[in-house]
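Here is a quick tour of one chain, starting with the fold and moving on to its charged side chains. Have a look at the structure first.

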Amino acid sequence: SQVSFEEESQKQPTVGHWKPLMPSKGNKEDLEPGCHDAGGVEETQSTEQLNVSRLRSSSVEIREKGSEFLKDELHKAQKELKLKDKECERLSKVREQLEQELEELTASLFEEAHKMVREANTKQAVAEKQLREARGKIDMLQAEVTALKTLVITSTPSSPNRELHPQLQSPSKAGFRKGHGRNKSTSSAMVSAASQSAAAEPVSRECREVDSVLFAEFQAWKESPTLDKSCSFLDRIYREDIAPCLDFTKQELSELVRGAVEQNTLTIEPVSAQTLPVVKVAAEECGGPKKCALSGLPRTCKHRIMLGDSGNYYYISPSCRARITAVCNFFTYIRYIQQGLVRQDVELMFWEVMRLRREMSLAKLGFYPSDM
């Protein structure tokens with residue numbers, strides 16, 4: 001409507017009249033009515049045009065201001081949208097990182113749990129195995145203690161047990177004394193001193209007298225029994241009995257035998273009905289059924305020894321076996337004393353030690369029973 005109004009106003013002819021700058025009063029009244037009406041129309045049209053132009057300018061300004069305002073609002077909205085997009089992207093990355101860490105943590109926890117379960121099962125199996133082995137050892141030790149108690153309790157100074165003291169038996173009834181078997185050993189027991197005598201004549205009743213020096217050394221050792229050979233009691237026996245008894249021709253093998261006897265890891269077994277193992281040592285070192293590995297002499301070897309768990313066997317003659325067994329019997333008895341398994345009078349224990357020393361002395365001189 002505004003545009004049509006402008007077009008119509010432009011089509012109308014413009015009517016103008018010269019008006020006096022300073023009209024007089026008389027002239028005013030003398031103006032013709034027609035001229036007065038034309039001037040009024042002209043003024044009305046000018047006012048309307050001025051109003052139209054003002055409306056047009058104000059509408060343009062309003063339009064421009066509205067456009068600028070809308071642009072500002074649009075820019076603000078776009079900025080806020082970009083910030084929200086960035087925030088969403090950041091939160092998405094944080095969520096992905098948290099999910100990944102959660103998965104890794106869950107996997108590590110499951111792995112650690114499985115590892116702990118496996119370790120627990122392994123430890124339980126080992127503990128059960130050790131428990132079974134310990135129970136087996138306890139049963140074996142209890143049986144040995146019961147047997148020893150039976151022998152020891154029945155032996156008193158007034159009525160000694162003849163199985164523990166074979167020297168008290170008559171020569172005709174004196175047999176071989178059963179000794180404590182060595183580790184994995186099937187060796188027979190050592191003979192008593194009376195049976196080692198070659199003479200078959202009646203033997204007169206022997207007399208005994210306690211040596212004060214030896215007895216004092218034994219008493220001092222008995223107060224705190226130990227297997228340390230630095231004490232005076234064991235030092236004397238090592239020098240006088242053990243070292244000469246285990247001194248064989250093959251010095252290197254002799255040292256190994258002595259160490260195995262001290263550590264209680266020596267095994268003696270008969271060679272009859274035994275499958276000969278394949279050994280890694282040379283034939284001259286291990287000997288054979290017809291050659292002693294310790295003496296190096298051609299002898300009939302009925303037994304063989306193994307040192308620890310090496311798996312190597314050495315064939316020994318009856319004389320060497322008697323010497324080794326005599327030393328083993330001595331160590332077995334003093335170990336029983338150390339462990340508190342022998343409940344006897346000190347003097348009776350001393351005489352048993354002296355008897356074992358006599359067996360070592362006879363064995364190192366070459367005396368041994370015929371069935372060995």
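In what order do the elements of the chain run from the N terminus on? The order is α-α-α-α-α-α-β-α-β-β-α-α. Keep in mind that this is a predicted model.

## The overall picture

Counting up the secondary structure gives 9 helices and 3 strands. The chain has 372 residues, and 27% of them count as buried. About 25800 Å² of the chain is exposed, with carbon and sulfur atoms supplying 55% of that area.

As for contacts, take those in the chain with a separation of 6 or more: 69% of them come from residues 24 or more positions apart.

## Helix 3 and its charges

Helix 3 covers residues 33–153, and Glu-61 sits in it. Glu-61 belongs to a surface patch of negative charge, together with Glu-64, Glu-68, Asp-72, Glu-73 and Glu-80. Why does Glu-61 count as partly exposed? Because its relative accessibility is 44%, which falls between the 20% limit for buried and the 50% limit for exposed.

Helix 3 also holds a salt bridge: the side chains of Glu-89 and Lys-93 meet at 3.9 Å, N to O. These two are 4 residues apart, about one turn of the helix. Glu-89 is partly exposed, at 45% relative accessible area, while Lys-93 is exposed, at 52%.

## A salt-bridge network around helix 5

The whole structure has 10 salt bridges. Side chains of opposite charge can pair when their charged atoms come close. One such pair is Arg-236 and Glu-240, at 3.3 Å from N to O. Both residues lie in helix 5 (residues 232–245), 4 residues apart, or about one turn of the helix. Glu-240 is partly exposed, with a relative accessibility of 31%.

Then there is Asp-241, whose side chain meets that of Arg-357 in a salt bridge of 2.4 Å, N to O. This pair ties together distant parts of the chain, since Asp-241 is in helix 5 and Arg-357 in helix 9 (residues 346–364), 116 residues apart. Are the two partners buried or exposed? Asp-241 is buried, at 3% relative accessible area, and Arg-357 counts as buried too, at 9%.

Through shared partners, salt bridges join Glu-217, Arg-236, Glu-240, Asp-241 and Arg-357 into one network.

Conventions:
Residues numbered from 1 in each chain as written. Predicted model: local features only at pLDDT ≥ 70, side-chain atom pairs only at ≥ 80, totals over all residues. Heavy atoms only, no water. Patch = residues over 30% accessible without salt bridge, like charges linked within 9 Å, V, L, I, M, F, W, Y side chains within 5 Å. Areas by Shrake-Rupley, 256 points an atom, 1.4 Å probe, with all protein chains shown as cover. Salt bridge = Lys/Arg side-chain N within 4 Å of Asp/Glu carboxyl O. Lys, Arg positive; Asp, Glu negative; His and termini not counted. Charge placed at Lys NZ, Arg CZ, Asp CG, Glu CD. Buried < 20%, exposed > 50% of the residue type's maximum accessible area, 1.4 Å probe, protein only. Contact = heavy atoms within 4.5 Å.
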